[in-house]
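The exercises below ask the reader to work through a structure step by step. Each task is followed by a worked solution that can be checked against the display.

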Amino acid sequence: MKSIINYIILLSLLYGASSCSHSKKFTQNYYSENEATLQSIRSRFKQLYDKNPFALELHDKKLSRIGLEIHTDSIRYIYDFNTSEPYLLDTLHKYQFDARQMNELINDMQKANCTWITNLDYYEKRQKKFLVFISVRDKKLNGFLKPEKYFTLAFFDQPQPYDERGRLLDSEDLKKNRLINGEMFRKINSNVSYALTGKFR
Amino acid sequence: MTPYCLTRKLRYHLLILFRYHTIIILVILLTCFDPDTKASPSGNPSDSNQISTPQQAIAFLDSLQRLDSSKYWPNADPVLFLENLRVFATTPFKFYEGKGTNFCSYFALTYIPLSYDPLGFSRFMIELYQKGKARMGKVVLKPGVAVRKEAGLLKYKGPLDISPAGQIWFLTLADHFKGYLNIFNLRFHDGDENTLWASTNFAKFNRMLRKLFPVKVHAKGADLVRPWVDDLPAYLEKKLRDGPIFLYLNNRLLYKKTHVVTRFGIPTHFVLLLDISWSENKMINITYWDYGKMTLQRVDEEFLRKIVFGITDYTIKKK
């Protein structure tokens with residue numbers, strides 16, 4: 001009986017150690033390997049967003065179901081489509097989106113396993129600013145018995161302050177860490193930060 | 001019916017009662033049963049119930065000209081505070097609860113004072129700012145020191161960052177009203193706007209409505225049990241004929257945040273339902289107010305049934 005318990009403890013420790021190293025390795029490699037795709041997604045999203053503010057979600061595991069949030073001054077519309085449905089195109093036309101660009105954005109997001117892209121507003125010295133927020137769901141982060149994890153990226157327009165351990169700081173109070181959606185973010189480069197989170201939005 | 005059948009049926013019911021007694025007790029405890037929660041035949045408020053107008057509120061705020069800094073709210077800028085109140089009075093739907101906070105219930109109920117009595121709300125906020133306490137409805141709200149110091153300092157919550165008035169209002173309500181969800185975190189600490197300290201269960205929400213505003217409240221549903229309504233869209237449609245209503249929703253389904261499928265859903269989000277209508281392909285358009293915006297979402301009936309745990313409608317009491 002004792003040996004069985006020891007065996008289970010050893011397995012759990014090995015599993016824990018492997019999952020930690022996996023996540024660390026993933027964050028180190030993922031951005032450098034996918035930088036071009038992620039930056040392309042970001043710039044295409046910004047181009048589309050400037051004409052029609054929106055957020056896009058791929059909310060099933062096959063990344064084929066789309067949640068589209070269209071923001072107007074007075075109201076926010078939330079639609080749910082399958083990528084193969086004609087209603088998606090009809091809706092894009094109705095709200096005067098560039099359908100070709102939008103389809104390319106969706107395709108790129110599917111290729112890079114992006115589940116969510118949005119523009120998050122924040123205030124610095126009472127001035128409104130934006131950052132592009134992208135979440136990635138990668139198989140390497142989500143295995144059997146592992147809790148769901150997302151690689152979330154924050155793209156800022158200006159360089160951001162970080163502490164010596166690479167943690168994102170509040171630019172108005174450099175003694176404080178800055179949280180985004182309640183999560184601590186770390187440095188990828190001066191304008192891009194990442195976090196491993198349990199939620200994609 | 002033979003006595004034998006009756007006995008068998010009785011035994012069956014007793015067995016059910018014995019097996020599920022914990023759940024039944026829990027449901028009774030969580031459900032908001034209150035003698036004051038009977039539906040009024042007159043239904044919800046209409047414009048005739050308007051107590052004051054936005055113009056009256058603006059005239060009152062203009063008459064103040066300027067506001068001195070408050071010793072009770074050291075971090076709330078008086079100029080910005082006054083400006084916030086003007087915006088609340090003229091464009092109530094721009095009121096914002098803040099990103100990632102648990103202020104959705106306080107946000108939803110703010111529809112009532114901003115819509116029916118913007119002058120009363122402005123007066124209350126000015127008094128709260130100047131004296132550190134003020135009466136609204138049946139309660140005197142006197143927030144604690146920790147809360148008063150924090151108001152004006154909440155950051156990275158979107159437009160709530162530049163709304164000291166919104167921060168004061170939300171923190172004051174969260175500090176005053178407590179439900180069973182708040183038991184383990186009763187005192188405010190840094191960051192508690194995102195924790196159980198600020199959260200609201202269904203009974204607490206209805207209690208807040210009754211204590212703060214001159215309303216008769218009719219609530220259906222509970223924290224863990226969905227309301228027993230045969231035809232939910234028709235029921236909501238009927239209630240909406242008399243004015244907006246409040247819904248207590250499962251936010252995990254409304255705004256999907258993970259790919260994990262959970263069978264056990266619990267409600268965590270309050271919204272103000274403004275409209276419901278049938279769309280093509282048996283879909284339903286629901287229009288609700290949350291996160292500072294009106295939202296129109298297309299859902300199917302099954303989804304709607306799954307997300308709704310509480311329905312609250314109200315009637316403004318005539319003086």
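## Exercise 1: Two packed helices

In helix 3 of chain B, Pro54(B), Gln56(B), Ala57(B), Phe60(B), Leu61(B) and Leu64(B) meet Pro118(B), Leu119(B), Ser122(B), Arg123(B) and Ile126(B) of helix 7 of chain B, where two residues are in contact if their C-beta atoms, placed from the backbone, lie within 7 Å. This is a predicted model, in which local features need pLDDT of at least 70 and side-chain atom pairs count only at pLDDT 80 or more, while totals for chains, interfaces and linings use all residues. Residues are numbered from 1 along each chain as its sequence is written, and chains are lettered from A and ligands numbered from 1 in the order in which they are written.

Task: describe the character of this contact and the arrangement of helix 3 and helix 7 of chain B.

Solution. Begin with the residue classes: the contact divides into eight nonpolar, two polar and one charged residue, with Ala, Val, Leu, Ile, Met, Phe, Trp, Tyr, Cys and Pro counted as nonpolar, Asp, Glu, Lys and Arg as charged, and the others, Gly among them, as polar. Next, take the geometry, in which helix 3 (residues 54–64) and helix 7 (residues 118–131) of chain B pack at an angle of about 30°, with their axes 7 Å apart; axes are lines fitted to C-alpha atoms, for helices over the stretch in contact, and angles run from 0 to 180 degrees between N-to-C directions. Helix 3 and helix 7 of chain B are therefore roughly parallel to each other, a term that covers angles under 35 degrees.

## Exercise 2: A hairpin and its neighbour in the other chain

Task: find the strands that pair with strand 7 of chain B, and state the direction of each pairing.

Solution. Helices (H or I, at least four residues) and strands (E, at least two) are DSSP runs, numbered from the N terminus, and two strands pair if DSSP finds at least two bridges between them. Within chain B, strand 6 (residues 283–290) pairs with strand 7 in the antiparallel sense over eight bridges, and Tyr288(B) has Thr295(B) as its bridge partner. These two strands form a hairpin with two residues between them, and Tyr291(B) in the turn has a positive phi of about 45°. Across the chains, strand 3 (residues 75–82) of chain A runs parallel to strand 7 (residues 293–300) of chain B, joined by four bridges; here Arg76(A) is partnered by Thr295(B) and Ile78(A) by Gln297(B).

To widen the view, note that 17 residues of chain B are in contact with 24 residues of chain A. The chain B side of that contact divides into five nonpolar, seven polar and five charged residues.

## Exercise 3: A strand between two partners

Task: is strand 6 of chain A largely enclosed or open, and which strands pair with it?

Solution. Six of the seven residues of strand 6 (residues 150–156) of chain A are buried, so this strand is largely enclosed by the rest of the structure; a residue is buried if 20 or more other C-beta atoms lie within 10 Å of its own, exposed if 12 or fewer, and partly exposed in between, with C-beta atoms placed from the backbone. Strand 5 (residues 127–136) of chain A runs antiparallel to strand 6 of chain A and is joined to it by six bridges, with Phe133(A) opposite Ala154(A). Strand 12 (residues 192–197) of chain A also pairs with strand 6 of chain A in the antiparallel sense over six bridges, and there Val192(A) is the bridge partner of Phe155(A).

How values were computed:
Angles under 35 degrees count as roughly parallel, over 145 as roughly antiparallel, 65 to 115 as roughly perpendicular and the rest as oblique.
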